[in-house]
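User: I would like to learn how to read a protein model feature by feature. Could you take me through one, giving the general idea before the particular case?

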Amino acid sequence: FQAEDGIRDIHCSLVGSEMCITDRVILADGMRGKATSISQELVELTARGGARRTYQTADFLAQSPYNLSRNFRLKETIGISYNLQSDSVANIPNILKAHIEKRAADEGYGDYLNNLRVEFEKANTSSLDIVAIADFDGEVADLYGRLSRCLQRWCVEACTENNWEIPFTQLTLHHEERTPEERTPSATNI
C-alpha cells in the first residue's frame, strides 16, 4: 500500500524521509538499531544483541532518526600537548591520517572508509585538539559503535607510537595562607 503519511510498503517504507526495513538508525533518545517492522502505527527497532523497542510512528519521527544505512560520519577529537605546537597544524594531522588509514585497512575496514580528513581543530585550554572525520559506507552501519571506538583507539595508538603526549584537563586552585588566629573560631565568628 501507499499511504498519504509517507509510509509505503513492507520492504521499503517512507517514514518522513526514505527509510527501509533493515535500515540502521540512531534516535535522539540514544537507541541505535535496525528497523525490523514499519507500519502506519508502529516502528520496531532491534538493537545489536537482539533487544527490541517499539515506537508509535509519530513518536519515532519525533526522535529525528539518523539513518546510517546509506553512509555515515564519525568524528573523534584527540588532544595533544602544547609542547607539540610547531607540528600540530600540518605534520601531526598527516601522520595521524596515514596511521588511521593503515589501521582501518589492517582491521578490514579500509574498503568501507569512503573519506578521511584529519585536521587541527582548536587550541583548547589544556591541549591542542586534532579532529579525525571519517565517512564510512552504510554497509558497516551495524558497526557504528565499534568503528567509533576503533577511531579513538587508532588516534591513541598513533600518539603512543609517536610519543605525542595526551594531556589531561588540569584545575589550578589558589590557596590563601591564613594565620593561626584567622583559622581559630572566635566567639564573634560563631
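Analyst: We will go through a sheet, the helices that lie across it, some salt bridges and a few backbone angles. Please keep in mind throughout that this is a predicted model.

User: Let us begin with the sheet: in what order do the strands of the open sheet stand, and is the pairing parallel or antiparallel?

Analyst: The general idea is that strands of a sheet pair through backbone hydrogen bonds, in either a parallel or an antiparallel manner. Here an open sheet of 3 strands has the order β8-β10-β9, and the pairing is antiparallel. Because β8 (71-80) and β9 (113-123) stand at the edges, each with a single partner strand, one side of each has no neighbour in the sheet. Neighbouring strands of this sheet are turned by 15 degrees against each other on average, with direction ignored.

User: How many bridges join β8 to β10, and which residue stands opposite lysine 75?

Analyst: There are 10 bridges between β8 and β10 (residues 128-137), and these two strands run antiparallel. The residue opposite lysine 75 is isoleucine 133 in β10.

User: Which strands does helix α2 lie across, and which does helix α3 lie across?

Analyst: Helix α2 (residues 91-106) lies across β8, β9 and β10, and runs at about 150 degrees to β9. Helix α3 (residues 144-161), by contrast, lies across β8 and β10, running at about 30 degrees to β8.

User: Which residues of α2 are buried, and where do they fall when seen down the axis of the helix?

Analyst: The buried residues of α2 are Ile92, Pro93, Leu96, His99, Ile100, Arg103 and Ala104. Seen down the helix axis, they fall within an arc of 130 degrees and therefore line one face of α2. What covers them includes β8, β9, β10 and α3, whereas the face turned away from the buried side carries the exposed residues Asn94 and Lys102. As for its length, α2 has 16 residues and reaches 23 Å from its first C-alpha to its last, close to the 22 Å expected at 1.5 Å a residue.

User: Could we follow a single residue of α3 in the same manner? Which residues does leucine 151 touch, leaving aside those up to four places away in sequence?

Analyst: Leucine 151 lies in helix α3, and it counts as buried because its relative accessibility is 0%, where the cut-off is under 20%. With residues up to four places away in sequence not counted, leucine 151 touches Leu74, Glu76, Ile100, Ala132 and Ala134. The C-alpha atoms of leucine 151 and threonine 77 are separated by 9.6 Å, although these residues are 74 residues apart along the chain.

User: Turning to charged side chains, how many salt bridges does the structure hold, and which parts of the chain does the pair of aspartate 135 and arginine 73 link?

Analyst: The structure holds 13 salt bridges. In one of them aspartate 135 pairs with arginine 73, the closest N and O atoms being 2.7 Å apart. This pair links distant parts of the chain, since aspartate 135 belongs to strand β10 and arginine 73 to strand β8, 62 residues apart. Aspartate 135 counts as buried at 14% relative accessibility, while arginine 73, at 42%, counts as partly exposed.

User: What does a salt bridge inside a helix look like, taking glutamate 157 and arginine 153 in α3?

Analyst: Glutamate 157 and arginine 153 are 4 residues apart in helix α3, about one turn of the helix, and their closest N and O atoms are 3.4 Å apart. Salt bridges that share partners join Lys102, Arg103, Asp106, Glu107, Arg153 and Glu157 into one network.

User: Finally, how should I read the backbone angles, and where are threonine 22 and asparagine 163 found?

Analyst: The general idea is that most residues other than glycine have a negative phi. Threonine 22 has a positive phi of about 85 degrees although it is not a glycine, and its place is in the loop between β2 (17-20) and β3 (24-26). Asparagine 163 also has a positive phi, near 55 degrees, and is found in the loop between α3 and α4 (180-183). With a relative accessible area of 69%, asparagine 163 is exposed. A glycine can be read in the same way: just after α2, glycine 108 takes a positive phi of about 85 degrees.

Key: Residues numbered from 1 in each chain as written. Predicted model: local features only at pLDDT ≥ 70, side-chain atom pairs only at ≥ 80, totals over all residues. Heavy atoms only, no water. Pairing = 2+ DSSP bridges. Axes fitted to C-alpha atoms, helices over the stretch in contact; angles between N-to-C directions. Contact = heavy atoms within 4.5 Å. Buried < 20%, exposed > 50% of the residue type's maximum accessible area, 1.4 Å probe, protein only. Salt bridge = Lys/Arg side-chain N within 4 Å of Asp/Glu carboxyl O. Expected span 1.5 Å × (residues − 1). Arc of directions from axis to C-beta.
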